[in-house]
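Subject: Structure for you to look at

Hello,

Here is the structure I said I would pass on. Please open it next to this email and follow along.

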Amino acid sequence: MNDTNQPRYFALLPAAGVGARMAANGPKQYLPVGGKPLLRHAVDAFRASALVAHTYVVVSADDGQIDGVLPPGLDGVTVLRCGGATRMDTVLNGLRALQGQLRDTDLVMVHDAARPGLTPALIEKLVHGVGDHPAGGLLALPVVDTVKRSADGVSTVPRTGLWLAQTPQMFSYALLLRALGSAPDANAITDDASAVEMLGLSPRLIEGHPRNLKVTLPADIRIAEMYLAADA
Ligand SMILES: Nc1ccn([C@@H]2O[C@H](COP(=O)(O)OP(=O)(O)OP(=O)(O)O)[C@@H](O)[C@H]2O)c(=O)n1
Ligand SMILES: C[C@](O)(CO)[C@H](O)COP(=O)(O)O
């Protein structure tokens with residue numbers, strides 16, 4: 001088997017959000033968390049993984065802070081300035097920018113810039129757990145609480161079979177490009193796997209870890225810092 005038959009793994013980090021729910025004075029990916037900008041933690045996890053060939057970070061065209069966080073020329077990292085209006089648009093724009101550079105069979109791990117607790121061990125767990133499953137897969141956590149639905153009154157939703165999606169979410173380049181490119185509504189698609197599911201495919205769920213939480217609300221910063229401090 002020659003080199004072209006070996007799977008190649010790439011990371012793609014959407015980092016063009018505004019952090020509305022964080023309500024900070026600027027995009028949350030630049031907030032200091034555990035001693036460095038939020039975005040830098042996930043980038044460093046991919047840089048530290050021997051499996052990952054290269055990491056792409058997608059920011060807004062008018063982002064004025066990224067050079068201070070990921071200096072041009074940083075080993076193993078390329079910044080793409082083509083973020084979109086939604087997370088899905090940002091990922092799709094990034095994938096399209098890589099046309100001609102990535103092969104159809106390359107495996108792309110899409111990871112939120114806002115999840116600082118990722119580790120090389122979790123990356124490895126995802127890669128080995130998904131293996132060569134054609135529909136790819138993602139880290140996720142089984143739901144452990146009782147789930148309520150509030151619509152017309154309150155009811156309890158059986159939690160059997162329910163999982164909370166995390167990232168990274170890993171698919172072949174060709175599949176992810178096709179799935180996101182044909183997805184009907186960018187606002188309705190909150191993760192990459194749902195676009196793949198709309199093609200009738202079932203991505204594999206690999207159990208992640210609570211430390212891989214998404215920093216969404218102000219209180220999440222303290223929780224993320226607790227996990228990061230435990231590593232130090
Ligand atoms: N137009 C967008 C929206 C989101 N993201 C990225 O998608 C990830 C997960 O999204 P989320 O937590 O929703 O981030 P924000 O969109 O920034 O937050 P909010 O929804 O509270 O505005 C983040 O890394 C965020 O930067 C992106 O690249 N482009
Ligand atoms: C991709 C994601 O982090 C998986 O949980 C999530 O779907 C992002 O969605 P959000 O609605 O922007 O938090």
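Below is what was found in it, starting from a ligand and moving outwards.

Please keep in mind that this is a predicted model.

The surroundings of ligand 2 come first. Nine names are worth finding in the viewer: R87, D112, A165, Q166, T167, T190, D191, K214 and T216 are the residues around ligand 2. Sorted by class, this shell has four charged residues, four polar ones and one nonpolar one. Strand β10, residues 163–172, supplies the largest share of the shell, with three residues.

That makes β10 a good place to go next. Seven of the 10 residues in β10 are buried, so the strand is mostly covered.

Which strands pair with β10, and in what sense? One is strand β6, residues 107–110, which pairs with β10 in the antiparallel sense over four bridges. In this pairing, L107 stands opposite S172 of β10. Another is strand β7, residues 137–142, which also runs antiparallel to β10 and is joined to it by five bridges. Here P142 stands opposite W163 of β10.

The last item is a pair of helices. Two packed helices are described by the angle between their axes and the distance between the axes. Helix α3 covers residues 87–97 and helix α5 covers residues 173–182; their axes come within 10 Å and cross at roughly 135 degrees. Angles from 115 to 145 degrees fall in the oblique class, and α3 and α5 are therefore oblique to each other. Their crossing is left-handed.

Regards

Notes
Residues are numbered from 1 along each chain as its sequence is written. Chains are lettered from A and ligands numbered from 1 in the order in which they are written. This is a predicted model: local features need pLDDT of at least 70, side-chain atom pairs count only at pLDDT 80 or more; totals for chains, interfaces and linings use all residues. A residue is near a molecule or strand if its C-beta atom, placed from the backbone, lies within 6 Å of it. Helices (H or I, at least four residues) and strands (E, at least two) are DSSP runs, numbered from the N terminus. Ala, Val, Leu, Ile, Met, Phe, Trp, Tyr, Cys and Pro count as nonpolar, Asp, Glu, Lys and Arg as charged, and the others, Gly among them, as polar. A residue is buried if 20 or more other C-beta atoms lie within 10 Å of its own, exposed if 12 or fewer, and partly exposed in between; C-beta atoms are placed from the backbone. Two strands pair if DSSP finds at least two bridges between them. Axes are lines fitted to C-alpha atoms, for helices over the stretch in contact, and angles run from 0 to 180 degrees between N-to-C directions. Angles under 35 degrees count as roughly parallel, over 145 as roughly antiparallel, 65 to 115 as roughly perpendicular and the rest as oblique. A crossing is left-handed if the near helix is turned anticlockwise from the far one by less than a right angle, and right-handed if clockwise.
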